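This report describes a protein with a bound ligand. It takes up the ligand surroundings, the sheet and the domains in turn.

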Amino acid sequence: MITIHNVTKVFNKGTVNEKIALNQVNLELSPGDFVTVIGSNGAGKSTLLNAVAGNFEIDSGEIYIEDKNITNLPQYKRAQFISRVFQDPMLGTAGSMNIEENMVMALRRGSRLRLRKAISHKERAFFREELRKLGLGLEDRLTTRVSLLSGGQRQALTLLMATLQNPKLLLLDEHTAALDPKTAEKVLDLTCRVADNPRLTTLMITHNLHHALSVGNRTIMMHEGRVILDIKGEKRANITIEHLLGMFEEASGAKIENDRMLLA
Ligand SMILES: Nc1ncnc2c1ncn2[C@@H]1O[C@H](COP(=O)(O)OP(=O)(O)OP(=O)(O)O)[C@@H](O)[C@H]1O
């Protein structure tokens, strides 16, 4: 269970540029919930993920993972059980290192032997097996430098690395947005498979309304720093994009302003 309780984040407090990016946000995720996050430009989606990941101190509220209050836990400590994949495929992997070196770093995250011990036969076999599941032929390229991979291959590898240690929470911040449409679909398909076995609790920001409704089991919509819609179950299964946009307008009293979302 992940609990976000009354979380507020204000940027540039007390200045003319003051911005309430999160305004008393409440959200509870059950184990295995895969929640897609949508909303207008500047609604607070990335700030929500940043708050959970510990990028900054929040102004008020609490965040719990299971029963542990992580509100004051530094980012590097949260990274032991929260994984994140960003939009930029360059961010999640080290381009100058090869595939198996990247994977061993991810596998041994938090271990003192992280960099010192050579990669074992068992680890190598495990990497091959995991890479095979991606269906991209990377299992035969363990010693290929990651900088030589395509954006899609690199993002797929990042996703795999982010889930090797079965995190308690997976944060996906528009992780397919920088890919061409065909590759984006592939990586999204992969995301569903990776997050399903074992079932990972996941928050995924997307600007693609079709993806928002077709992936995962729940969709939240944000507007002006608040969660204004939370749709799941049968209601979500039967909803159309037009209906969703209508619900947004009704709940927010405004038309959705997100160019990328409407163009997707
Ligand atoms: N570090 C920061 N300093 C000042 N203001 C910030 C900072 N980060 C975000 N903001 C502001 O907080 C608000 C919420 O931003 P956020 O990036 O969370 O929105 P978003 O929903 O992810 O938007 P988008 O879909 O456009 O990426 C915006 O007005 C943004 O300009």
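## Ligand surroundings

A residue is counted as near a molecule if its C-beta atom, placed from the backbone, lies within 6 Å of it. The model is predicted. The residues around the ligand are Phe-11, Asn-12, Lys-19 and Ala-21, followed by Gly-39, Asn-41, Gly-42, Ala-43 and Gly-44, and then Lys-45, Ser-46 and Thr-47. Two or more residues of this shell come from each of β2 (19-29) and α1 (45-53).

The element that gives the most to the shell is α1, with 3 residues. By residue class, the shell around the ligand holds 7 polar, 3 nonpolar and 2 charged residues.

## Sheet and helix α1

An open sheet is formed by 4 strands with antiparallel pairing, in the order β2-β1-β4-β5. Because β2 and β5 (68-69) stand at the edges with a single partner strand each, one side of each has no neighbour in the sheet.

Within this sheet, β1 (residues 2-11) pairs with β4 (residues 60-65) in the antiparallel sense, over 5 bridges. Thr-8 stands opposite Ser-60 in β4. Helix α1, which contributes to the ligand shell, lies across β1, β2 and β4 and runs at about 65° to β2.

## Domains

The protein chain is divided into domain 1 (1-81 + 171-264) and domain 2 (93-166). Taken over C-alpha atoms, the centres of domain 1 and domain 2 are separated by 27 Å.

The contact between them involves 12 residues from domain 1 and 10 residues from domain 2. On the side of domain 1 that touches domain 2, the residues comprise 7 nonpolar, 4 polar and 1 charged.

Methods
Residues numbered from 1 in each chain as written. Predicted model: local features only at pLDDT ≥ 70, side-chain atom pairs only at ≥ 80, totals over all residues. Nonpolar A, V, L, I, M, F, W, Y, C, P; charged D, E, K, R; others polar. Pairing = 2+ DSSP bridges. Contact = placed C-beta atoms within 7 Å. Axes fitted to C-alpha atoms, helices over the stretch in contact; angles between N-to-C directions. Domains from an automatic or database assignment.
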